[in-house]
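Let's take a relaxed walk through a protein complex, one topic at a time. Keep the picture open while you read.

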Amino acid sequence: MKKYKLLLIAIAVLANPLLGMAADKKAPEKKLSKLVDPTVQGENCVRDTKDMRLNHMNYILHQRKETTQLGKRWPKNVLKNNYSIELCINCHARKKVDNKIVPVSIKDNTHFCSQCHRKVSVNIDCFSCHNSKPTGKIKFIKSPPKTAQEKQTK
Amino acid sequence: MSKQNHPDKSRRNFITAGAAVATLGLAPGVKFIDVANAGNEPKAVTSEKRWGMLIDTNKCAEGCNDCVTACDKEFGLNETVDGQKLKSRPEQQTHYIRKVKLKNKKTGHTLSLPLLCQHCESPPCVDVCPTGASMRRADGIVKVDMHTCIGCRYCMLACPYKARSFIHEPIENQKPYAPRGQGCVESCNLCVHRVDEGREPACVEACNKSNHKAIYFGDLKDQNSVVSKEMKKQASTQLRDDLRLNTGVRYRGI
């Protein structure tokens with residue numbers, strides 16, 4: 001419990017500058033939105049984007065435990081509140097080069113997950129095991145729509 | 001006297017109250033992760049099921065390697081990175097399932113069978129694991145949670161079936177449904193990603209495709225499943241049943 005509280009504090013502290021970053025409309029926001037797979041339409045992530053920016057690590061790590069230990073496997077065609085790392089990669093790890101959409105590996109400096117982490121000195125080892133490139137089997141055209149509640153919080 | 005028994009009760013109360021206030025102070029803007037998946041949460045696996053296999057060695061053909069090839073392909077085992085040759089020796093390389101030939105020295109009778117993780121009810125690999133990475137799911141699947149595996153390889157020593165392997169080299173282009181990486185122990189997980197989707201493991205599928213049909217797969221606790229029915233028909237054996245591990249994989253004809 002103590003650890004949990006410490007983590008929350010750490011997140012709150014770390015997240016504040018990020019929020020500020022997003023509010024400052026010009027520079028970083030432009031950079032980040034460019035990172036999202038251009039084939040994905042919509043403004044929302046699997047959960048409210050603002051919330052994801054702050055809390056994605058909690059959500060992913062929580063689902064990871066549920067899936068690997070308890071066998072709760074979220075169906076891949078459900079996007080809403082599904083924090084499977086395979087899905088993140090499928091939506092986020094592509095970019096446009098010469099008008100072609102190509103997969104981006106974690107070795108590439110422009111990978112969605114690493115660009116932001118590098119800025120805040122977070123080092124994740126996930127991609128030594130998980131494939132950092134989309135495999136092309138799953139493809140989404142639209143991100144899930146916002147719920148009324150999420151619209152209100154914005 | 002009572003004062004001595006509770007020397008700092010008031011102090012303790014003060015601390016508890018302080019903690020509560022601190023928690024309240026944190027709460028605005030911070031959401032608890034318990035609600036993260038509200039709405040579409042799938043069910044956890046339960047012990048109402050126990051996944052298992054029956055392997056008929058009379059039907060298993062000598063020289064046929066289809067189950068092994070299918071498994072390697074499913075998990076992308078021993079694939080090269082950037083076309084470079086694997087550095088690890090063949091005996092170090094990963095096998096989830098392998099073909100074993102047995103010979104009775106007296107009669108000269110040989111038989112061939114696939115050997116894989118036996119998915120024990122009381123698995124020695126889980127007993128010895130210092131981190132809890134080696135685990136048995138409620139539905140009987142024994143596997144490694146690589147997120148907590150530190151690569152000590154104690155489980156490899158404990159397993160009487162030599163079913164586990166260690167990943168010696170960096171890996172790339174993993175299958176998205178089967179992540180794996182250097183420094184971890186791995187083994188057959190009964191194709192957990194397939195089973196959770198209601199499909200059968202890759203080796204079973206391959207064996208049926210090659211028309212040998214030597215592997216029956218299903219729920220051992222369901223009296224009407226194919227495995228249970230087949231096990232009722234004829235005697236089956238557990239490998240090293242003297243260890244009383246109550247394996248989930250059984251053999252016929254040995």
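What follows goes from confidence to layout, then to helices, a pocket and some loops.

## How far to trust the model

This is a predicted model, so a look at the confidence scores comes before anything else. For the complex, the predictor reports an ipTM of 0.79 and a pTM of 0.82. Chain A has an average pLDDT of 73, with 60% of its residues scoring at least 70. Chain B averages 86, and 84% of its residues reach 70 or more.

Where in chain A is confidence lowest, and where is it highest? The low point is helix 2 (residues 27–35) of chain A, with a mean of 46, and the high point is helix 3 (residues 49–70) of chain A, at 92. In chain A, residues 16–31 have a pLDDT below 50, and that stretch makes eight contacts in the model beyond near neighbours in sequence.

Chain B has stretches like this too. Residues 1–9 of chain B stay under 50 and have zero contacts beyond four places in sequence. Residues 20–36 of chain B also stay under 50, but here the model has 19 contacts beyond four places in sequence. Where pLDDT is low, don't read the predicted coordinates in detail.

## The layout of chain A

Chain A contains six helices and two strands. If you follow the sequence from start to end, the order is α-α-α-α-β-β-α-α. Of the 154 residues in chain A, 38% are buried.

You can also ask how far apart in sequence the contacting residues are. Take the contacts in chain A between residues at least 6 apart in sequence: 65% of them join residues at least 24 apart.

## One side of helix 5 in chain A

Which residues of helix 5 (residues 112–119) of chain A are buried? They are A:Cys113, A:Ser114 and A:His117. These residues cover an arc of only 85 degrees around the axis, so they sit on the same side of helix 5 of chain A. The buried residues of this helix pack against helix 3 and helix 4 (85–92) of chain A.

Right after helix 5 of chain A comes A:Ser121, with a positive phi near 55 degrees. For comparison, most residues other than glycine have a negative phi.

## A pocket with both chains nearby

The second largest pocket holds about 780 Å³ of space. Its lining is made of 40 residues, and those nearest its centre are A:Ser128, B:Pro170, B:Ile171, B:Glu172 and B:Gln174. Helix 5 of chain A turns up again here: with four residues, it gives the largest share of the lining.

What is the lining of the second largest pocket like by class? It has 11 nonpolar, 19 polar and 10 charged residues.

## One side of helix 3 in chain B

Now for a helix in the other chain. In helix 3 (residues 66–75) of chain B, the buried residues are B:Cys67, B:Val68, B:Cys71, B:Glu74 and B:Phe75. Their arc around the axis is only 130 degrees, which puts them on the same side of helix 3 of chain B. What covers them includes strand 2 (97–103), strand 3 (110–116), helix 6 and helix 7 (202–209) of chain B.

Just past the end of helix 3 of chain B, B:Gly76 has a positive phi of about 65 degrees.

## Loops in chain B

B:Arg153 lies in the loop between strand 5 (142–144) and helix 5 (154–158) of chain B. Its phi is near 70 degrees, a positive value in a residue other than glycine. B:Cys191 has a positive phi as well, near 50 degrees, and belongs to the loop between strand 7 (185–186) and helix 6 (192–195) of chain B.

Is each of these two buried or partly exposed? B:Arg153 is partly exposed, with a relative accessible area of 36%. B:Cys191 is buried, because its relative accessible area is 6% and the cut-off for buried is under 20%.

One more loop residue is B:Arg89, found between helix 3 and strand 2 of chain B. B:Arg89 is partly exposed, at 47% relative accessible area. Along the chain, B:Arg89 and B:His168 are 79 residues apart, and their C-alpha atoms are separated by 9.8 Å.

How values were computed: Residues numbered from 1 in each chain as written. Chains lettered and ligands numbered in written order. Predicted model: local features only at pLDDT ≥ 70, side-chain atom pairs only at ≥ 80, totals over all residues. Heavy atoms only, no water. pLDDT = per-residue confidence, 0-100. Contact = heavy atoms within 4.5 Å. Buried < 20%, exposed > 50% of the residue type's maximum accessible area, 1.4 Å probe, protein only. Arc of directions from axis to C-beta. 1 Å grid on protein atoms, 1.4 Å probe; cavity = no way out; pocket = protein on both sides within 12 Å on 5 of 7 lines; lining within 4 Å. Points joined across faces, edges and corners; volume = space filled by probe spheres on them. Nonpolar A, V, L, I, M, F, W, Y, C, P; charged D, E, K, R; others polar.
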